[in-house]
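Me: I'm new to reading protein structures and would like a close look at one part of this one. Could you walk me through it slowly?

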Amino acid sequence: MMSISPLVRLNAGLLLLILLTAALPAQAQDVEHPEALIRDSVEALMSQIEGRRDHFAQNPDELEAVVEDNLADVADFRYIGASVMGRYFGNATPEQRSRFVKVFRQSLIDTYAKGLVTFDYREIRVPEAQQASRYDDQASVSMEVVGVDGTIYPVSYTMRLDDGQWKVVNVIVNGINLGLTFRNQFDEAMRQHNRDYDAVIGGWSPELDVEQLEEGE
């Protein structure tokens, strides 16, 4: 199997944790505090792959199915997709909007699945003290990922209450706003392709600057 550098391995894992550590079975969504969802999910999700990393590395389709299942009830992909399209959302056809959500979702699943079996971390912790939200249907949950070298990478989940369930709509990793990063990439792609929605959607492949995630803002 091809070796993966520690730098790539660390950041692939961080990208994975962006959404997967927030995923919980549907029946757990009635927990009163959104931070409890994040805290309780860490052990539950990691337990799905512990001891099976080699198996999943050889069976990526199975791993992608696990990732997709965990994301299904926690990430509001329609909301995220509309946010990433930004000012272009209004002029897109319903079909283009739906297609972009599908493409965007699959691109994230592929990325996270690749990082899932290679991430090495020392500790993942959700502080007891969380910033109070100004609105009942919005919340920000902070988490810390401690790398094997002791480096702490702060992660902040933006969540909103949707039909009785808390869902992740954005994430900030080490000060980098991923929603804004993707939106800027979509905007640049639209300008490069003369606002050809179909070309941009068909060629969508979100990129994150590895060194930027490491160094933060």
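Which residue is the bridge partner of Met143 in strand 3? Please start there and then show me what lies around that part.

Reply: Happy to help! Keep in mind that this is a predicted model. The partner you are looking for is Val155, which sits in strand 3 and bridges to Met143.

Let's place that pair. Strand 2 covers residues 138-147 and strand 3 covers residues 152-162; the two run antiparallel and are joined by nine bridges. Between them the hairpin has four residues, and Gly150 takes a positive phi near 95° there.

Now follow the chain onward. Strand 3 also pairs with strand 4 (residues 165-173), again antiparallel, through eight bridges. Here Ser156 stands opposite Ile172 of strand 4. The hairpin of strand 3 and strand 4 has two residues between the strands, and Asp163 adopts a positive phi near 55°. As you look at these strands, remember a general point: in a regular strand, side chains alternate between the two faces of the sheet.

How do these strands fit into the chain? The protein chain has nine helices and five strands, in the order α-α-α-α-α-α-β-β-β-β-β-α-α-α. Of its 217 residues, 43% count as buried. Among contacts with a separation of 6 or more, 61% are between residues 24 or more positions apart.

A good example of such distant parts meeting involves aromatic rings. The structure holds seven aromatic pairs. One of them, Phe100 with Trp204, is edge-to-face, with 5.4 Å centre to centre and 75° between the planes. Phe100 belongs to helix 6 (residues 94-116), whereas Trp204 is in the loop between helix 8 (197-202) and helix 9 (210-215), so this pair links parts of the chain 104 residues apart. Phe100 is buried, at a relative accessible area of 0%. Trp204, at 10% relative accessibility, counts as buried too, because the cut-off for buried is under 20%.

Trp204 has another ring partner: the centres of Phe104 and Trp204 are 6.2 Å apart and their planes are at 40°, so this pair is tilted. Since Phe104 lies in helix 6 and Trp204 in the loop between helix 8 and helix 9, the pair ties together parts 100 residues apart in sequence. Both Phe104 and Trp204 are buried. To complete the picture, Tyr88, Phe100, Phe104, Phe182, Phe186 and Trp204 form one aromatic cluster.

How values were computed
Residues numbered from 1 in each chain as written. Predicted model: local features only at pLDDT ≥ 70, side-chain atom pairs only at ≥ 80, totals over all residues. Heavy atoms only, no water. Buried < 20%, exposed > 50% of the residue type's maximum accessible area, 1.4 Å probe, protein only. Contact = heavy atoms within 4.5 Å. Pairing = 2+ DSSP bridges. Phe/Tyr/Trp six-rings, centres within 6.5 Å; stacked < 30°, edge-to-face > 60°.
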